Amino acid sequence: MNIILHVDMDAFFASVEQVINPSLLGKPIAVCGAIEGRSIITTSSYAARARGVKTGMPIYLARKACPSIILVEGDHRKYLYYSMQIMNILKRFSDRVEAYSIDEAFLDLKGICKDLEEAKSLGYKIKKTIRQELKLPCTVGISQAKIVAKVATSLGKPDGLFVIPKNELDRHYWTLPVKELVGIGQSTEVALKIMNINTIGDLANAPVTDLIRRFGKNGYWMKQIALGNDPSEVVHDGLQPPPKSISHSTTLDQDIKDRGRLRAVLSYLVSKVAQRMWVHGASYRTIYLVVRDSSFKTVSIARTYDGHDRGEALLFLRSASILDGWINDNPATKVRLIGIGISGFNYGAYQMELPLSRQARQDLAVTDIVTRVRRRFGQNSILRANALV
Ligand SMILES: [Mg+2]
């Protein structure tokens with residue numbers, strides 16, 4: 001029997017901030033890109049939501065809705081760190097885990113649980129384990145198909161567990177508006193409305209020929225999903241070969257030669273590379289820097305180190321020293337594009353530590369240092385515009 005379990009953390013960024021600073025527990029808090037300026041709310045605690053604070057709301061409106069709101073400047077690396085701990089816990093319950101987003105995952109329970117009842121007790125066990133080890137709340141949804149399991153989670157929010165068995169789609173699934181389905185955006189929603197299709201049930205009952213005429217192949221799949229026949233598999237690590245290299249590059253708004261500004265851009269690229277390295281559980285031996293100058297000449301400089309490493313701070317220092325070398329050799333050259341990559345991966349040497357161990361605190365401290373390096377170079381705007389989207 002196909003059994004899919006979906007886990008979604010509740011108010012994830014806000015909950016992580018409350019774990020790190022327990023004096024915020026139970027209070028209306030909101031995480032935003034920056035406390036001042038025209039920033040918007042990324043996530044808010046349920047206490048804040050109860051007072052009308054919503055994701056995407058500008059800060060001034062959130063303050064208006066809830067004058068006692070406590071604003072916290074978001075730090076993506078903290079959330080990524082907790083995300084990795086969550087994924088590691090989930091991997092104890094199934095060898096097939098798909099990290100769907102930073103705070104969401106699908107578990108394939110086929111062959112692990114014999115029926116939905118068993119999956120339900122496993123779901124409670126997962127909730128309890130995450131709560132005990134990380135102090136974080138989550139909601140679990142269970143069904144026989146991925147998209148239905150995700151809908152079940154949204155019905156169980158917050159801190160709940162919801163099961164939609166295939167023979168009960170009429171009660172919990174078909175009554176919902178079509179927009180609850182992943183992949184049905186606003187324009188599709190409008191197009192369906194014109195066809196008098198409003199609920200998932202309407203979609204399940206619609207003649208497939210009408211749907212195909214209007215949406216092509218997608219029309220067929222939409223009906224299948226409405227019928228609870230989502231054929232998509234849980235895409236776990238075992239299905240994807242690990243990457244051989246990880247790199248990020250960016251073309252600058254203007255060609256520049258200023259060392260400080262180039263370093264700041266590099267620091268941003270390093271943080272992106274480091275995040276992906278962490279997600280893959282890899283450590284690198286080789287760093288390569290790519291520089292394209294204003295005459296479109298491109299060079300790649302690689303450096304291989306003795307041992308494997310996975311620290312972001314060291315990765316930045318090493319990359320910056322490669323960049324410094326290039327700038328010293330080409331002091332008058334303006335840079336058009338800059339990129340940084342890592343390769344020579346080792347996957348085995350990487351061990352996840354439980355949070356709040358000494359190592360974990362050190363990791364968080366390292367990421368804090370990197371944050372301060374960025375601040376010193378005054379490139380916050382570059383980070384803010386990108387780091388949280
Ligand atoms: Mg969530």
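Select His 6 and Phe 106 in this predicted model: Phe 106, in strand 6, is the bridge partner of His 6. Extend the selection to residues 4-9 and residues 104-108, that is, strand 1 and strand 6, which pair in the antiparallel sense over 5 bridges.

Next, display the sheet as a whole. Its 5 strands form an open sheet in the order 5-6-1-7-8, with mixed pairing. Moving from one strand to the next, the twist averages 15 degrees. Colour strand 5 (97-101) and strand 8 (161-163) to mark the edges; each has a single partner strand, so one side of each is left without a neighbour in the sheet.

Now add residues 146-156, helix 6. This helix lies across strand 1, strand 6, strand 7 (138-143) and strand 8, and runs at about 140 degrees to strand 7.

Proceed to helix 1 (residues 12-20) and helix 4 (residues 76-90), whose axes come within 10 Å and cross at roughly 90 degrees. The two helices are therefore roughly perpendicular to each other. To inspect the contact, show the side chains of Phe 12, Phe 13, Val 16 and Ile 20 in helix 1, which meet Lys 78, Tyr 79 and Tyr 82 in helix 4. The residues of this contact comprise 6 nonpolar, no polar and 1 charged.

Finally, select residues 312-329, helix 13. At 1.5 Å a residue, its 18 residues should span 26 Å, and the end C-alpha atoms are 26 Å apart, so expectation and model agree. Within helix 13, highlight the buried residues Glu 312, Leu 315, Phe 316, Arg 318, Ser 319 and Leu 323.

Terms used
Residues are numbered from 1 along each chain as its sequence is written. This is a predicted model: local features need pLDDT of at least 70, side-chain atom pairs count only at pLDDT 80 or more; totals for chains, interfaces and linings use all residues. Helices (H or I, at least four residues) and strands (E, at least two) are DSSP runs, numbered from the N terminus. The expected span of a helix is 1.5 Å times one less than its number of residues. A residue is buried if 20 or more other C-beta atoms lie within 10 Å of its own, exposed if 12 or fewer, and partly exposed in between; C-beta atoms are placed from the backbone. Axes are lines fitted to C-alpha atoms, for helices over the stretch in contact, and angles run from 0 to 180 degrees between N-to-C directions. Angles under 35 degrees count as roughly parallel, over 145 as roughly antiparallel, 65 to 115 as roughly perpendicular and the rest as oblique. Two residues are in contact if their C-beta atoms, placed from the backbone, lie within 7 Å. Ala, Val, Leu, Ile, Met, Phe, Trp, Tyr, Cys and Pro count as nonpolar, Asp, Glu, Lys and Arg as charged, and the others, Gly among them, as polar. Two strands pair if DSSP finds at least two bridges between them.
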